[in-house]
Amino acid sequence: MKKGLIGIGVFAAIVILVVAFFFGKYNTMVSLNEKIDSKYSDIDTYLQRRADLIPNLVNSVKGIMSHEQEAINKVTEARTKLVNAKDLTEKASADSELTKALNNFLVVVENYPDLKANTNFITLMDELSGSENRIATSRKDYNDAVNEYNAYIKKIPNSIIANMFNFKEREYFKATENANEVPQVSFE
Amino acid sequence: MKFHKLALNKIFTLLFLLVLFPVNVSAIVEPTDKFYVNDYADILTDEVESYIFDNSVKLYNETSAQIVVVTVKDLEGKDIESYATELFRHFGIGDKEKNNGLLLLLALDERKSRVEVGYGLEGILPDGKTGRMQDEYMIPYYKDNNFSEGMLNGYKAFFEVVASEEGYTGEISKANKADGEIELPEYVLTLLGSKLLATVVLLAIGFSSKKTRVIAFCILESITIALFFIVAKYDVGAAVSFAFIGTIFNLAILGDPSSRSYGGRGGYSSGHSYHSSGSSFHGGGGSSGGGGSSRSF
């Protein structure tokens, strides 16, 4: 009788330990997953902020750069794509396109020294590059979070729990190649 | 004795291993024990360094905001934006909750300057403003290789913004706007006011008692004051000595017209030196999301 009780006790203890172990793993996965979502919303905020700055930019240069419709149109088009982008992949590629269009635009601006020296324009460009930099930073934070999560759920025995509760691998936010390459401009 | 030898041996082994395998392979610089001033490019004068250190310590003690100055020789191949963000987070500039940190970074070889703003200060220091402030207070000096002066001037300008936002009650000194007119210090304005008043009073006395010498003196004084204004735009110190010498000169030409009194008040109020308690200085764990702006010079 006594032996049986001990046996049940040991068995219960083991079950509790195993369950606790599983709960711990599960909770870690949940919080890592949540972290990715919060980082993702950071990217979203900054993408939106950048998109919001574009109309200001276009309005401020419209009059002066009336001969450069093509460069301006490309920026506006890329902005529209970014605003309408639904998922991560679309957003990433629209963002890269906008970066490219803006870089081209900046090359054109080089021909307008008055515009370049205008304080309002400089402020606007600072805000714009600030939001670009914030996007880059939050993108890195997001990818770090994804990396941490993906590595975690792939490890044994975590992978078993991940499969059981349907924790899937998360997607990285990839900047399209060459998007961040600044076109060659001579600042002479 | 034997124990000591053993311990020493262990320490030596440890040191030897540390030399063999550098633990820290991070490309960015580590904070110095002064924390607020990290002059790795060796371009700041001792006076500027201690000014920055004293003021940052005072600001931190009162408000928990942290302003950190870093100069580096080069950026180890990184762009200044990511370098600054990484450094900002590594140092943990600003309070962990309030994120009220500010970083002024200068890279000598790349000739780049960046001001990085913690989350909590983005409201009063939007990117556009940090760019404009660099253009006005720092870049003109940097262009002439006056790094120490430019950093000090920029530090003062940013200090004023952060300190007033955070409710700092200590002394705040004004920075010089490089392209605009130099703001005249208070003592110069006092001196000027008394000089003008004395001249007007003298002129009245001169006219009422019909003393031509007094009138002539007043006219010369007016010219001196006008010239003083012109000189003050370029060099305040020179203008003040010019004002004094001018008046003495006027007196010498015309003789003492009557007893006059000057209310001029001179002398700078020197910053008191702050003695820290000897504790080490470190970041409050603040973070930045990459806000701020960069400049080339």
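Q: In chain A, what percentage of the contacts with a separation of 6 or more is accounted for by residues 24 or more positions apart?
A: Let's start with the make-up of this chain in the predicted model. Chain A has six helices and zero strands, and its pattern along the sequence reads α-α-α-α-α-α. Among its contacts with a separation of 6 or more, the share from residues 24 or more positions apart is 77%.

Q: What percentage of the residues in chain B is buried?
A: A residue counts as buried here when 20 or more other C-beta atoms lie within 10 Å of its own. In chain A, with 188 residues, buried residues make up 25%. For the 297 residues of chain B, the figure is 33%.

Q: How many strands does chain B have?
A: Follow chain B from the N terminus and the elements run α-β-α-β-α-β-β-α-α-α-α-α-β. That pattern corresponds to eight helices, and the strands of chain B come to five.

Q: On which residue is the kink in helix α4 of chain B centred?
A: Helix α4(B) spans residues 127–143. There is a bend of about 45 degrees in this helix, and the residue at its centre is Asp135(B).

Q: Which element of chain A helps cover the buried residues of α4(B)?
A: The buried residues of α4(B) include Thr130(B), Met133(B), Gln134(B), Tyr137(B), Met138(B) and Tyr141(B). Residues three or four places apart in an α-helix point the same way, because there are 3.6 residues a turn. Within chain B, the cover on these buried residues includes β4 (112–117), α5 (147–165) and β5 (291–296). From chain A, the cover includes α5 (119–154).

Q: Which residue with a positive phi follows α4(B)?
A: Now for what comes after this helix, whose range is 127–143. The residue in question has a phi near 60 degrees, and it is Asn145(B).

Q: Which element gives the largest share of the side of chain B that touches chain A?
A: The contact takes twelve residues from chain B and twelve residues from chain A. On the chain B side, the elements that give two or more residues are α3 (80–91), α4 and β5. The largest share is four residues, and it comes from α4(B).

Q: How many polar residues are on the side of chain B that touches chain A?
A: Chain B brings twelve residues to the contact. Sorted by class, one of these is nonpolar and three are charged, while the number of polar residues is eight.

Key:
Residues are numbered from 1 along each chain as its sequence is written. Chains are lettered from A and ligands numbered from 1 in the order in which they are written. This is a predicted model: local features need pLDDT of at least 70, side-chain atom pairs count only at pLDDT 80 or more; totals for chains, interfaces and linings use all residues. The bend at a residue is the angle between axes fitted to the seven residues ending there and the seven starting there. A residue is buried if 20 or more other C-beta atoms lie within 10 Å of its own, exposed if 12 or fewer, and partly exposed in between; C-beta atoms are placed from the backbone. Two residues are in contact if their C-beta atoms, placed from the backbone, lie within 7 Å. Ala, Val, Leu, Ile, Met, Phe, Trp, Tyr, Cys and Pro count as nonpolar, Asp, Glu, Lys and Arg as charged, and the others, Gly among them, as polar.
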